[in-house]
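Trainee: Could you take me through one part of this model in detail? I would like to look closely at the cysteines and then at what surrounds them.

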Amino acid sequence: YLLKQWLYTGKVETRYKDMWVTAARGILDRLLRRSEPSQQMYLAEHRRGNTIFKMDHLACFAPGMFVLAAEHIGGSDTDRWVETAEGLAHTCWLMYSSTKTGLSPEMVEFRGGADLSIPKSQYYLLRPEAVEGFFYLWRHTKQQKYRDWAWSIFLAIEQHC
């Protein structure tokens with residue numbers, strides 16, 4: 001929320017932007033991973049010095065956050081932020097498209113850094129994070145796939161929820 005707080009202040013309270021940039025660099029340097037062999041981008045967890053190769057659906061807020069930063073902060077990190085947003089959004093889409101219902105589980109695993117796998121225990125809590133990220137990416141890139149992904153999720157919700 002640091003980035004949005006900075007935006008809400010009319011970009012006046014720069015401490016929020018500065019804290020966001022520091023946090024974002026830490027996320028990219030410490031948590032961003034790519035699976036093998038497909039190079040699916042995901043945000044791992046770090047607990048007590050150990051990397052946990054899983055990504056919660058809540059992490060699907062990150063594509064929107066990174067592309068929003070690219071648009072409003074700019075600078076030398078812009079290309080990396082957009083690339084990260086697009087890569088994470090693709091993985092978030094896979095979280096939906098890899099299930100029979102087209103609805104994402106609350107988390108997926110990347111066992112030992114392997115490609116995405118869906119755990120046996122699945123449930124969906126109508127989370128908006130992925131669709132919000134697709135919206136920001138569509139607005140930034142104008143790539144139709146982001147609208148298509150969002151529409152597919154909407155249809156799956158209509159059918160199964």
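**The disulfide and its surroundings**

Mentor: Happy to. The link of Cys60 and Cys92 is left-handed, with -110° about the S-S bond. Keep in mind that this is a predicted model. The sulfur atoms of Cys60 and Cys92 are 2.1 Å apart, and the two residues form a disulfide. With a cut-off of 2.5 Å between cysteine sulfur atoms, the count comes to 1 disulfide.

Now see where the two ends sit. Cys60 is in the loop between strand S5 (54-56) and helix H3 (62-72), while Cys92 belongs to helix H4, so the pair ties together parts that are 32 residues apart in sequence. Both Cys60 and Cys92 are buried. Cys161, by contrast, is in no disulfide; the nearest cysteine sulfur is that of Cys60, 16 Å away. Cys161 counts as exposed because its relative accessibility is 55%, and the cut-off for exposed is over 50%.

From Cys92 we can stay with its helix. Helix H4 covers residues 78-97, and Thr84 has its place there too. Thr84 counts as buried because its relative accessible area is 2%, where buried means under 20%. Its polar side chain still has a partner: the side chain of Thr84 reaches the backbone oxygen of Arg80 at 2.8 Å. If you leave aside neighbours within four places in sequence, Thr84 is in contact with Leu28, Leu32, Met41 and Phe66.

Helix H4 also leads us to another helix, H6, since what covers the buried residues of H6 includes H4 and helix H5 (129-141). Those buried residues of H6 are Tyr146, Trp149, Ala150, Ile153 and Ala156. They cover an arc of only 120° around the axis, which puts them on the same side of H6. The general reason is helix geometry: an α-helix has 3.6 residues a turn, so residues three or four places apart point the same way. Turned away from that buried side is a face of H6 carrying the exposed residues Trp151, Glu158 and Gln159.

You can check the length of H6 as well. Helix H6 runs over residues 144-160, and at 1.5 Å a residue its 17 residues should span 24 Å. The expected span takes 1.5 Å times one less than the number of residues. The end C-alpha atoms of H6 are 24 Å apart, which agrees with that expectation.

Methods: Residues are numbered from 1 along each chain as its sequence is written. This is a predicted model: local features need pLDDT of at least 70, side-chain atom pairs count only at pLDDT 80 or more; totals for chains, interfaces and linings use all residues. Side-chain values use heavy atoms; hydrogens and water are left out. Helices (H or I, at least four residues) and strands (E, at least two) are DSSP runs, numbered from the N terminus. Buried means under 20% relative accessible area, exposed over 50%, partly exposed in between (1.4 Å probe, protein chains only). A polar contact is a pair of N or O atoms within 3.5 Å; within protein, one must be able to donate a hydrogen and the other to accept it, and residues adjacent in sequence count only if both atoms are side-chain atoms. Contact means heavy atoms within 4.5 Å. The arc is that of the directions from the helix axis to the C-beta atoms.
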